[in-house]
Amino acid sequence: MKIFFDADVSEVIAFAAEELTRYLTQMVTDLDKIDMEIKLCSDSNSFEVNSNDSYRVEISQTQGSIIGNNDRSVLLAVYNYLYVLGCRFLMPLKTCEIIPHIERERLVTSYEKHASYFHRGVCIEGADSFENIMDYIEWLPKVGFNSFFLQFQNPYAFLKRWYEHLENPYVKKENYTPEDAQRDMVLLEQAAKKRGLFLHKVGHGWTGEVLGYRTVSWDAQTQPKQESVCHRMAMINGKRELFKGIPANTNLCYHNADAIDAFATIVTSYAKENPHIDYLHVWLADEFNNLCECPECSKTTVADQYVELLNEIDQRLTKASLDTRIVFLLYQELLWPPVVNRLNNPDRFVLMFAPISRTFEKSYEIENVDVELPIFHRNQITLPVNLTENMVFLKAWQKIFSGDSFVYDYPLGRAHYGDLGYIHIARVLHADIQKLEEMGLNGYISCQELRAALPNALPSYVMGHTLFQKDCSIDELIQDYFQSCYGKDAQSVLTYLSKLSEFSSCDYVNGKGERFDYDMAKRMEGIALRSEAFEKEIKRHKNTDGVYESIYWELLEYHRKYAIFFADALMFLAMGDQKCANLEWEAMRDYICKNEQKYQPYLDVYRVLEVTQKYTKLHPQK
């Protein structure tokens, strides 16, 4: 077999050819002896006008072609063709791939596909090793994603958490610096570009940079504030200080011309130095109820000031002949739209709706949203949990901005820890994505832990496939995934994990609702009892030497014990017994910390411990 492409093609298509050759060599015996030619190429003119990724696969007995409407689509087509041939990319690990042996007759096929949405990506969160991030980048196009987002100017915050092994006393701290992150970032960006992925960058950190701090994390600043730039800080309660000591969380006095000039200068310089970035996110400070209260700022809204800042940045980028796309954020106080100001050049901008406080007990509600916005009270807001209220904010912005947009959501950033079966959160994800077009949005980027695969990676898998083909059947996706992982016992596992999901609560683990809840206690007890009972089923899948027949069954056993500890802690918490709840949480913490090195790619120990302390209100017993 000959797999070829034109001499002047991009690195992406050349890589697609390498991947197709690598997989088919493993799948088809004597591939090199087969008299067949397959050409890879991109040709936007061969498709109807459609900016979304599209491709056509036509393979006969003797020849074939894989054509995309752009170079990235060719690679997406290669991976989808392999999927059609029986490959399954079940987790962000090559060791978790299924690569079948097939006869050459199976190679013949003909079909065409078009992505449902333009923006289909994942944003880094949690604690990650370099290998974790690289594995995830490599996996993204295999399941249909086309974007990756590295927060801050480099991903030091996330790498540092892993290499310093925060929250895990059983692993020795490693030294990791912002310079190390900068070095690793170059390799990660190269890997993303090799696959044609859209690269999103920064978001958090700009305000800290304006205040003179190198801001590549949410770390508190130990150095004294710089008096020369104090006038740029937001005034809160009559003082201009770092908000809780953290530059990334400190807003500016957006009336101050010097602060705006510094902000615009820093963003413009960064855009000039990084022309390879496809989408540059320009956000204000993290946290909320931390806006400037000076007389001038108090006369207007932060959204009006934000639009003024964005217009200034656009003007400078235009003057510098830069076509960098700027992503602006609907988040916290910026959920309220501007009253007066509007973006002067909307084509440069992409709206990003970030309903971080939403419930994940159910999917987006898009009916009956024609109600008035809540009244905005400076530094006294409460974030909306209700899904209808979140939609009201989005609709208010869409009345004044009709450009490109996507949702930036958090199903695997915190909510998934509250779903111990992963079936519920996968179904919510699928339903959410199906509603995006009706919501007036053109895609989805998930702000999430990359290590979110315990008991498996079903939610991420469903996300990728549904974003590419929104009308895909969730039941068929789940059945196929479980069959691939658990073989003939797939239904048994699905029934078990579905029951865990039924009894779980994303909201309760994320601090929504009263801590004392008798019904919740009974549900958690049910999770523990079912997890204990499933031990017999799992034991059937390991041999006399204690070796499991696959990593998926081994993960089920690890997850089963984790679920018992976790559910017991939540049960006691819901019963009002904080002491016993804390003791069970400590037992869970001890178990996952001691086992983290073995199961590192599957569970983000740092993040689950942070979430359960900060939001669930479980913590070490004093």
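User: In this predicted model, what makes β3 and β4 a hairpin, and in which sense do the two strands pair?

Analyst: The strands β3 and β4 form a hairpin with three residues between them, and strand β3, residues 54–59, pairs with β4 in the antiparallel sense over five bridges. Two strands count as paired if there are at least two bridges between them, so the five bridges of β3 and β4 satisfy that criterion. Within this pairing, Y55 stands opposite G68 in β4.

User: How do you know that β2 pairs with β4, and in which sense?

Analyst: Strand β2, residues 37–42, is joined to β4 by six bridges in the parallel sense, and since at least two bridges are required, β2 and β4 count as paired. Here I38 stands opposite G64 in β4.

User: What makes β4 mostly covered?

Analyst: Of the six residues in strand β4, residues 63–68, five are buried, where buried means under 20% relative accessible area.

User: Why are α17 and α18 called roughly antiparallel?

Analyst: Helix α17, residues 551–575, and helix α18, residues 578–594, pack at an angle of about 160 degrees, with their axes 7 Å apart. Angles over 145 degrees count as roughly antiparallel, and α17 and α18 are therefore described in that way. Their crossing is left-handed.

User: Which residues make the contact, and how many of them are nonpolar?

Analyst: Among the contributors are Y558, F565 and F572 of α17, together with W585, M588 and Y591 of α18. By class, the contact of α17 with α18 has 14 nonpolar, one polar and four charged residues.

How values were computed. Residues numbered from 1 in each chain as written. Predicted model: local features only at pLDDT ≥ 70, side-chain atom pairs only at ≥ 80, totals over all residues. Heavy atoms only, no water. Buried < 20%, exposed > 50% of the residue type's maximum accessible area, 1.4 Å probe, protein only. Helix = DSSP H or I, 4+ residues; strand = E, 2+ residues; numbered from the N terminus. Axes fitted to C-alpha atoms, helices over the stretch in contact; angles between N-to-C directions. Parallel < 35°, antiparallel > 145°, perpendicular 65-115°, else oblique. Left-handed = near helix turned anticlockwise from the far one by under 90°. Contact = heavy atoms within 4.5 Å. Nonpolar A, V, L, I, M, F, W, Y, C, P; charged D, E, K, R; others polar.
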